[in-house]
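Let's walk through this fold together, one piece at a time. Keep the sequence and the 3D view side by side as you read.

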Amino acid sequence: MADKKSNTIINTIILTVISVIAVALLAIVNQITAEPIAQAEVNQKAQVYKVVYSDCDSFSEIENAEQMITDSDALLNEKGLGGCKIIDVLAANDASGKTEGYIVAASSNAGYGGEIQIAIGIKDGKLTGFSSISNSETAGLGSKCSEPEFTEQFKGKSASLLTFTKSGASSETEIDAISGATITTNAVTQAVNAAILFYQENFGGGAQEIAKADLTEFYKKAYPGGEEFSDVENAKDLIANSSALLEEYSLTDCTIEEIKAVNGGEGYVISTTATGFAKTSPFQIAIGIKDGKLTGFAVVSSMESPGYGAKMEEDAFTSQFAGKSASVLTQKVGGTAENEIDAIAGATITSSAIARAVNAGIVFYQTNFGDASQLDKQTLASSSADATSGATAPAQGGQQNQNQNQQGKE
């Protein structure tokens with residue numbers, strides 16, 4: 001019995017020693033192979049990235065890259081690019097192994113077909129190239145973001161925030177939009193700008209400040225006769241509190257962007273956003289209000305469907321708002337009543353979103369500067385519920401046409 005016990009103890013010790021040795025050997029093997037495996041992964045990425053940085057000799061991983069990528073979420077949110085993500089970053093090296101530039105890969109969720117992933121190369125403050133790594137954009141339209149005619153224009157551009165134009169790029173920070181694919185172009189531009197901001201923040205001395213757009217031209221359209229558009233006292237606090245206010249009135253997809261007093265306080269212009277048919281690209285509008293009446297309406301920016309929702313920018317549509325009461329508005333095709341706007345035929349979702357955006361401005365105005373008793377929460381809640389129903393069941397009414405034609409009119 002004693003011999004059996006002794007044998008068991010000896011066998012246990014032997015097995016323990018073997019296990020310890022095996023673990024130690026595995027650790028040594030892992031240490032030896034870790035670097036070659038990591039470099040093999042880098043080399044595999046290089047096959048994809050070489051197209052955006054063709055004249056470098058090698059690529060290598062960057063120390064603390066994972067932490068940089070994690071920290072970039074807050075940076076992009078702060079800069080208004082919360083729908084973008086940084087996917088990867090590599091160093092681009094010269095023949096001696098010295099870092100001479102960088103590859104940054106990023107994504108945007110604002111594409112017409114969903115997420116678009118891109119990569120750019122940067123050296124000495126200039127883009128060395130661009131590639132669309134993956135996208136699900138419309139064939140013959142948004143898919144052109146992968147074609148040389150579009151991709152080659154990025155090389156040599158300044159590594160500063162880019163904008164796109166439909167009238168011919170004329171500066172280092174402009175690119176030509178893809179004809180018929182504004183939503184795709186916008187998403188690509190967002191992703192490229194996210195990558196540029198990441199580069200600036202981590203390797204370029206700090207991310208550039210984004211100047212707030214001057215909306216005076218739109219405010220003058222929304223408030224004819226307005227000459228002076230000045231800051232409102234406590235505007236930041238009022239706007240910060242507006243999220244809870246709009247939620248109270250079932251306007252959760254809307255935001256208050258800016259408020260200005262007009263001509264020394266005789267009236268106000270308010271800029272708001274809402275989500276229409278272009279689900280990943282909210283549009284922005286401005287309304288003017290004086291003495292409880294709307295003075296006008298202007299579209300600041302929109303990615304709605306050409307020929308359908310985009311008609312929100314046409315005078316035939318915008319001119320109907322002047323003189324409407326600054327109370328809750330509804331939308332209806334052929335609507336002429338005091339509290340109705342004439343909806344855009346074939347664009348029910350867009351029209352409903354416009355009504356919500358205008359109502360968001362009216363709610364903000366009446367709560368802070370007017371008479372909140374004029375607001376009808378029940379009507380607003382019903383309007384928002386109808387909008388949600390229309391968005392999830394687009395085959396109803398005119399919006400079916402907007403859906404069917406969007407494929408060829410992005």
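Which residues of strand 10 are buried on one side, and which on the other? On one side they are Gly267, Val269, Ser271 and Thr273, and on the other Tyr268, Ile270, Thr272 and Ala274, so that both faces of the strand are covered. Here buried means under 20% relative accessible area, exposed means over 50%, and partly exposed is in between, with a 1.4 Å probe and protein chains only. Strand 10 covers residues 267-274, and eight of its eight residues are buried.

A word on the ground rules. This is a predicted model, in which local features need pLDDT of at least 70 and side-chain atom pairs count only at pLDDT 80 or more, while totals for chains, interfaces and linings use all residues. Residues are numbered from 1 along each chain as its sequence is written, and side-chain values use heavy atoms, with hydrogens and water left out. Helices (H or I, at least four residues) and strands (E, at least two) are DSSP runs, numbered from the N terminus.

Now look at what surrounds strand 10. It belongs to an open sheet of five strands in the order 8-9-10-11-12, with antiparallel pairing; two strands pair if DSSP finds at least two bridges between them. The edges are strand 8 (229-231) and strand 12 (293-301), each of which pairs on one side only. From one strand to the next, the twist averages 30 degrees. As general background, strands of a sheet pair through backbone hydrogen bonds, either parallel or antiparallel.

On one side of strand 10, strand 9 (residues 255-262) pairs with it over seven antiparallel bridges. Within that pairing, Val262 stands opposite Gly267, and Lys260 has Val269 as its bridge partner. The two strands form a hairpin with four residues between them, and Asn263 in the turn has a positive phi of about 50 degrees. Strand 10 is also joined to strand 11 (residues 283-290) by seven bridges, again antiparallel. There, Val269 stands opposite Gly288. Helix 9 (residues 348-368) lies across strands 9, 10, 11 and 12, running at about 45 degrees to strand 11. For such angles, axes are lines fitted to C-alpha atoms, for helices over the stretch in contact, and the values run from 0 to 180 degrees between N-to-C directions.

Next, find the other sheet. It is open too, with five strands in the order 1-2-3-4-5 and antiparallel pairing. Its edge strands, strand 1 (58-60) and strand 5 (126-134), each pair on one side only. Strand 1 and strand 2 are joined by three antiparallel bridges, and Ser58 stands opposite Asn93 in strand 2. Helix 4 lies across strand 2, strand 3 (99-111), strand 4 (114-123) and strand 5, at about 140 degrees to strand 3.

Helix 2 deserves a pause. Its 14 residues (65-78) should span 20 Å at 1.5 Å a residue, and the end C-alpha atoms are 20 Å apart, which agrees; the expected span is 1.5 Å times one less than the number of residues. The helix bends by about 30 degrees at Ser72, the bend being the angle between axes fitted to the seven residues ending there and the seven starting there. Ser72 is also one of its buried residues, along with Ala65, Met68, Ile69, Leu75 and Leu76. Their cover includes strand 2 (84-93) and helix 4 (182-203). Just after the helix, Gly80 takes a positive phi of about 80 degrees.

What fills the interior? In soluble globular proteins, nonpolar side chains tend to be buried together. A nonpolar core here is a set of buried Ala, Val, Leu, Ile, Met, Phe, Trp, Tyr and Cys residues joined through side-chain atoms within 4.5 Å. The largest one has 42 residues, of which Ile120, Phe154 and Val192 touch the most other members. Its largest share, ten residues, comes from helix 4. Leaving aside neighbours within four places in sequence, Phe154 is in contact (heavy atoms within 4.5 Å) with Leu127, Phe130, Leu162, Ile175, Val188 and Val192. A second, separate core of 41 residues includes Leu251, Phe297, Tyr308 and Phe364.

Finally, visit Lys212, in the loop between helix 4 and helix 5 (216-222). Lys212 counts as exposed because its relative accessibility is 59%. Beyond its neighbours within four places in sequence, Lys212 is in contact with Glu257 and Glu258.
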